[in-house]
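Here are some short exercises to work through with the model open beside you. Try each task before reading its solution.

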Amino acid sequence: MGYIYLMPNEAADECTLDKSDIGLYYDLNSLSIPRIKWLSMGQNLNQMPLATRTYREAVDKAFYCEYWNDLDNEGYMMGVELYLPEESFVTLVAHQAFKLYDIRWRNCDFRVLTLEAYHDVFNKRNVIYPLTKEKDAFVILGIDPVTKIAKVMALISARDDIYPIDYMRKPLFILANSSRYYNEVSSMT
C-alpha cells in the first residue's frame, strides 16, 4: 500500500529520504522528478474523454476506488492512496515514471504530474475528470472496464498555488519495510 501526497501536508513533513529504504536501491542524491516543457502534449489529452462530472460527483457512480483518495473541501485532490507493491514502486522510480510536464491545454498553461509510465498515462481509454467546477485541476483515471475500479494516473493542474512546482519536483520516495532490507539483515545473521 502506498500514498502519494500531491500538495504540501504536515504529515509528510516528518518523512525524509534518509528514513526510506529506497536508498537500498538508489543513490538518494540521484533521485529526481524531471520537469519537461512539452507544450504540444495537450494534443494527447484532447484524445481522451473529458468527463462532465467532477471527480467527487463521479466516484462510486461512474467508477470506484480501491482505496480512498483524499480531497479538500473544494474538491482538490490532496493525496492518492494506492496498492503499490515494492517491485512495482522500484520499477516506476527506475524508469522515471514520475515526471512533471509544462503543457498548453484548453488555451491555458498546465502542469501534468505523471504517476505511471507515459504510455499508461496517455492511453486513449483513460478518462480525464475535473476536480472542481472551475476546471483548473484534473486527474487522469485508468478505469478497469470489468471492475470499474479507477487508478489515478496523473494530476493536471493550472493551480501552482495549491500544487507548488517545487513541491511536486521534490522526490520524497518513502519505501518502508523493504524486502531487500530484511534479506540483507537475515543474511548477516
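**Exercise 1. A helix and its buried residues**

Which residues of helix α4 (residues 86–94) are buried?

*Solution.* Before starting, note that this is a predicted model, in which local features need pLDDT of at least 70 and side-chain atom pairs count only at pLDDT 80 or more, while totals for chains, interfaces and linings use all residues. Residues are numbered from 1 along each chain as its sequence is written, and side-chain values use heavy atoms, with hydrogens and water left out.

Step 1. Take buried as under 20% relative accessible area, exposed as over 50%, and partly exposed as in between (1.4 Å probe, protein chains only). Helices (DSSP runs of H or I, at least four residues) and strands (runs of E, at least two) are numbered from the N terminus.

Step 2. Applied to α4, the cut-off picks out Glu86, Phe89, Val90, Leu92 and Val93.

Step 3. Look down the axis of α4: the buried residues fall within an arc of 160 degrees (taken from the directions from the helix axis to the C-beta atoms), so they line one face of the helix. An α-helix has 3.6 residues a turn, so residues three or four places apart point the same way.

Step 4. Continue just past α4, where Gln96 takes a positive phi of about 50 degrees.

**Exercise 2. A network of charges**

Find the residues that are linked with Asp102 in a network of salt bridges.

*Solution.* Step 1. A salt bridge needs a side-chain nitrogen of Lys or Arg within 4 Å of a carboxyl oxygen of Asp or Glu. The structure holds 8 of them.

Step 2. Asp102 meets Arg35 with N to O at 2.8 Å. This pair joins distant parts of the chain, 67 residues apart: Asp102 lies in strand β6 (residues 99–105) and Arg35 in strand β2 (residues 35–37). Asp102 is buried at 12% relative accessible area, whereas Arg35 is partly exposed at 40%.

Step 3. Arg111 also forms a salt bridge with Asp102, with the closest N and O atoms 3.7 Å apart. Arg111 is buried, at 9%.

Step 4. With Asp160 added, the network consists of Arg35, Asp102, Arg111 and Asp160.

**Exercise 3. Another salt bridge**

Which parts of the chain does the pair of Lys151 and Glu116 link?

*Solution.* Step 1. The two side chains meet in a salt bridge of 2.7 Å, N to O.

Step 2. Lys151 belongs to strand β10 (residues 149–157), and Glu116 to the loop between β7 (108–114) and α5 (118–121), 35 residues apart.

Step 3. Compare their exposure: Lys151 is partly exposed at 33%, and Glu116 is buried at 10%.

**Exercise 4. A sheet and its edges**

What is the strand order in the open sheet of 3 strands?

*Solution.* Step 1. Two strands pair if DSSP finds at least two bridges between them. The order is β1-β5-β4, with antiparallel pairing.

Step 2. β1 (2–5) and β4 (70–71) stand at the edges with a single partner strand each, so one side of each has no neighbour in the sheet.

Step 3. Between β4 and β5 (residues 77–82) there are 2 bridges, and Leu71 stands opposite Met77 in β5.

**Exercise 5. Confidence**

Which element has the lowest mean pLDDT, and which the highest?

*Solution.* Step 1. pLDDT is the predictor's confidence in each residue, from 0 to 100. The protein averages 85, and 84% of the residues score at least 70.

Step 2. Helix α7 (residues 179–188) has the lowest mean, 46, and strand β8 (residues 127–130) the highest, 98.
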